[in-house]
Amino acid sequence: LERAPEGMYLILSGRSAPNLSVGRLRGQGRVHGLNIDDLRFTLPEIEQLFATTYGQPLDDDACQVIAERTEGWAAGLQLVAASIAVSQPDEVADVLTALSGATGPIYDFLAEEVLTRLTPETQRVLMHASLVERVQVEYVAVALEAGGAPVEPESIQASLDRAESLGLLGVRSKASRGRRMQALFREFLAVHLEREVEPETIREMHRAVAQASEQEDWLMAAHHYAKAQCHEDSMRVIGSAAGEALGTGAWGPAVEIVDSMPTIEPPPAVKVIQARALISDEYPEAAVEVLSSIDRATLNPEERGLVGLTWAAIHHINGESQQLVSEVGSVVSDPLVPSPIRDICISWQLLLEAAAGGCITDAVSALRRMAVKQEQLNLHYFAGITTHNASAAELARGNYKQAIELADKSLSHLAQT
């Protein structure tokens, strides 16, 4: 490489990066590489692949399912195409619904082409990592310890690096330190975990991971408590994070966890999350039913604020202006309600006053200040809605440039939810 003649190009490919010292050449711009994420197929590429290369044009929904399940993994796409090729057109939806790494050709491929290439220790690490919602060394270590198969953190990291080099970990989240395991590979490993580990031990592993993650990631902790059948703890964690769930737009994943525990009565804060999800899905009548089941006399200040805020949203949707003004006023007049919730109602009050002929300048200033505070708290859904309202107010004032800037910022916030 150092003495290669001018005009010579060398292309290397493999399942992992070659052990070559090319730092200086890379610094000179003479070495370029494609990593595993570069090789993933995007949604448009998947659509084109099936329509042209495979001659199997699929509708948008089918391509979206394939993209989510395979995460652009080329071998997975080829296996999906092979399954579709031997199916009737009206069977494609069923094929995609049944798409799994736990059975069928994908299982066989992973068993023959992937698992056999891994060392026994790496297999054990990845098998336990398949249990963890967010794959980080510390959580995998907790799962292994609880399962009676402890492994040193350095070895866990090496195994995860190996899995990443093979494309077995999903796309890295910008907002998270960890990664999710590729969905099909995770299902494949879960089958092996269930074969080798007793159900009671698996539940204990879930419980240990939940305890380890509770302070850092409430959704992950709630998920693992539910899997451990510690349902009361799962509801407790979700309820304690209700303000964050509403402020970040995370009510969807929270409700999925709650729905997995149908025999448990949700506490008031969890019911607020359920109601907010129903509002988002355009079922305000169902949301009213959920909120009406809450005894407001028993609520703590944060719960009072969240219930009032959610009722206000329903009154706004239903055009019930008097009830909206009353609900917002009740939250504003309660000094014990946490400021992130109370501030929203204060700004809402200012907007209502402006709409009735009051000063819109005060409303815009309040909205801008509040959006900054919400952004600092990482409440991006709240910040997105607040910034959107500020944009609408600036538009009403004729400040078109500011309105456009705020609208762009609103979209940026909402994209993070």
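Which residue forms a salt bridge with E214? That partner is R236, as the second view shows. First, a little background: this is a predicted model, where local features need pLDDT of at least 70, side-chain atom pairs count only at pLDDT 80 or more, and totals for chains, interfaces and linings use all residues. Residues are numbered from 1 along each chain as its sequence is written, and side-chain values use heavy atoms, with hydrogens and water left out.

**View 1. Helix 12, residues 218-227, is largely enclosed by the rest of the structure.** Helices here are DSSP runs (H or I, at least four residues), numbered from the N terminus. Of the 10 residues in helix 12, 8 are buried, so the rest of the structure largely wraps it up. "Buried" means under 20% relative accessible area, "exposed" means over 50%, and "partly exposed" is in between (1.4 Å probe, protein chains only). The buried ones are W218, M220, A221, A222, H223, H224, Y225 and A226. Their cover includes helix 8 (137-146), helix 11 (199-213), helix 13 (231-240), helix 14 (242-248) and helix 15 (251-259). Now look at the ends. At the start of helix 12, a side-chain oxygen of D217 comes to within 3.3 Å of the backbone nitrogen of L219. Just after the helix, Q229 has a positive phi of about 65°.

**View 2. E214 and R236 pair up in a salt bridge.** Side chains of opposite charge can pair when their charged atoms come close. The cut-off used for a salt bridge is a side-chain nitrogen of Lys or Arg within 4 Å of a carboxyl oxygen of Asp or Glu, and by this rule the count comes to 16. For E214 and R236, the closest N and O atoms are 2.7 Å apart. This pair links distant parts of the chain, with E214 in the loop between helix 11 and helix 12, R236 in helix 13, and their positions 22 residues apart. E214 is partly exposed at 22% relative accessibility, and R236 is partly exposed at 38%.

**View 3. R180 and E133 form another salt bridge.** Their closest N and O atoms sit 3.1 Å apart. R180 is in the loop between helix 9 (153-165) and helix 10 (183-196), while E133 is in the loop between helix 7 (120-129) and helix 8, so the pair ties together parts that are 47 residues apart in sequence. R180 counts as partly exposed, at 48% relative accessibility, whereas E133 counts as buried, at 16%.

**View 4. E327 meets R296 in a salt bridge.** Here the N to O distance is 2.6 Å. E327 belongs to helix 19 (residues 321-332) and R296 to the loop between helix 17 (284-292) and helix 18 (301-318), 31 residues apart. At 11% relative accessibility E327 is buried, but R296, at 37%, is partly exposed.

**View 5. The second largest pocket holds about 1700 Å³ of space.** On a 1 Å grid over the protein atoms alone, a pocket is an open set of points with protein on both sides within 12 Å along at least five of seven lines, and lining residues have an atom within 4 Å of a point. Of the 46 lining residues, L12, S13, H32, G33 and L34 are the closest to the pocket's centre. Helix 6 (104-114) is one of the helices that supply at least two residues of the lining, and helix 6 gives the most, with 3 residues.

How values were computed:
Contact = heavy atoms within 4.5 Å. Polar contact = N/O pair within 3.5 Å; in protein donor to acceptor, adjacent residues only side chain to side chain. 1 Å grid on protein atoms, 1.4 Å probe; cavity = no way out; pocket = protein on both sides within 12 Å on 5 of 7 lines; lining within 4 Å. Points joined across faces, edges and corners; volume = space filled by probe spheres on them.
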